[in-house]
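Let's take a walk through a protein together, one contact at a time. Have the picture open while you read, and look up each residue as we get to it.

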Amino acid sequence: MEGDGGTESPTGIRITRHGKIRLWVKKALEFFQANPEDALVLYTSPSDVSTSTIPRLISVVEIVKREYLKGSMTGLHQFNQLLFEDQCPVPVEGENRANALLLALEGSSHPKQKLASYMKITLSAKATPERPGEGETYQRAAVRKLSKSAKARLKRRSKKQTS
C-alpha cells in the first residue's frame with residue numbers, strides 16, 4: 001500500500017501516521033476473504049517517535065474484527081506484541097563508548113537513552129496452538145450471538161431444505 005502511507009507484504013500491513021484507515025480495513029478484509037487459513041500481521045514502525053501510531057493500529061484492528069464478525073459466526077483471534085527499540089544506543093567500540101561510560105559512572109551527566117515503542121498485532125481466523133509466545137498476549141475470537149427471530153429463521157430454512 002505504497003500510495004497511502006503503508007507498505008504491503010503478503011501477510012502484513014504497516015500502519016503509519018499518513019494513510020486512510022478505511023483502506024487498511026478494506027485490505028485486511030480482502031486478505032481474509034482470499035486467505036481464510038492465513039494470519040495477517042498489522043504493525044507500526046519504531047522510526048516515527050514524535051507521534052505514536054499505536055492508537056491508529058488499535059483502531060484499525062478493532063474495526064477489522066467488528067466487520068469480519070458481521071460476515072461470520074466466529075471472529076478473529078488476536079495476538080498482541082508491544083516492542084521497544086533503543087533509538088540512541090551507547091557506542092559498542094571506540095572512544096565514544098569510553099566517554100559515554102565515564103559520564104554515566106560520574107553520575108553528573110547520563111548518556112541519553114531513548115526507547116521507541118511499536119506494536120505488532122496478528123489476526124487469525126483460527127487459533128494457532130504454538131502461540132502466544134513470550135511477551136505476547138492473546139484475545140479470544142468473539143462469537144456472534146443470534147437473536148430468537150434469527151434462530152427461528154434458520155430453523156425454518158433447515159426444515160425447508162430437508163423436505
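**Starting at a salt bridge**

K70 forms a salt bridge with E67, and the closest N and O atoms are 3.2 Å apart. Before we go on, keep in mind that what you see is a predicted model. K70 and E67 both sit in helix α2, 3 residues apart, so about one helical turn separates them. How open to the surroundings are these two? K70 counts as exposed because its relative accessibility is 53%, and the cut-off for exposed is over 50%. E67, at 29% relative accessibility, counts as partly exposed.

Stay in helix α2, which covers residues 54-70, and you'll find another pair with that spacing: E62 and K65 are 3 residues apart, so they too are separated by about one helical turn. Their side chains meet in a salt bridge, with 3.6 Å from N to O. Is K65 buried or exposed? K65 is buried, with a relative accessible area of 16%, because buried means under 20%. Its partner E62 counts as partly exposed, at 38% relative accessibility.

The structure holds 3 salt bridges, and we still have to visit the one between K126 and E37, whose side chains meet at 3.2 Å, N to O. Where do these two residues lie? K126 is in the loop between β5 (115-124) and β6 (136-139), while E37 is in the loop between α1 (21-34) and β3 (39-43), so the pair ties together parts that are 89 residues apart in sequence. K126 counts as partly exposed, at 42% relative accessibility.

Now let's switch from charges to rings. A pair of aromatic rings is described by the distance of the centres and the angle of the planes. The structure holds 3 aromatic pairs. One of them is formed by F31 and F32, with 5.5 Å from centre to centre and 80 degrees between the planes. That pair counts as edge-to-face, because the cut-off for this label is over 60 degrees. F31 is buried at 9% relative accessibility, and F32 is buried too, with a relative accessible area of 4%. Which residues make up the aromatic cluster here? F31, F32 and Y68 form one cluster.

Next, trace the strands. Strand β4 runs over residues 77-86, and β4 and β5 pair in the antiparallel sense over 10 bridges. To see one partnership up close, find L82: its bridge partner in β5 is M119. Strand β4 is also joined to β6, by 4 bridges, and these two strands run antiparallel. Which residue in β6 is the bridge partner of Q78? That partner is Q139. As you look along the strands, here's a handy rule: in a regular strand the side chains alternate between the two faces of the sheet.

Our last stop brings L82 back. Together with F84 and L115, L82 makes a nonpolar surface patch of about 340 Å². L115 is found in strand β5. At 58% relative accessibility, L115 counts as exposed, because exposed means over 50%. Compare that with F31 and F32 from the ring pair, which are both nonpolar-patch outsiders in one simple sense: they count as buried, at 9% and 4%.

Key:
Residues numbered from 1 in each chain as written. Predicted model: local features only at pLDDT ≥ 70, side-chain atom pairs only at ≥ 80, totals over all residues. Heavy atoms only, no water. Salt bridge = Lys/Arg side-chain N within 4 Å of Asp/Glu carboxyl O. Buried < 20%, exposed > 50% of the residue type's maximum accessible area, 1.4 Å probe, protein only. Patch = residues over 30% accessible without salt bridge, like charges linked within 9 Å, V, L, I, M, F, W, Y side chains within 5 Å. Areas by Shrake-Rupley, 256 points an atom, 1.4 Å probe, with all protein chains shown as cover. Phe/Tyr/Trp six-rings, centres within 6.5 Å; stacked < 30°, edge-to-face > 60°. Pairing = 2+ DSSP bridges.
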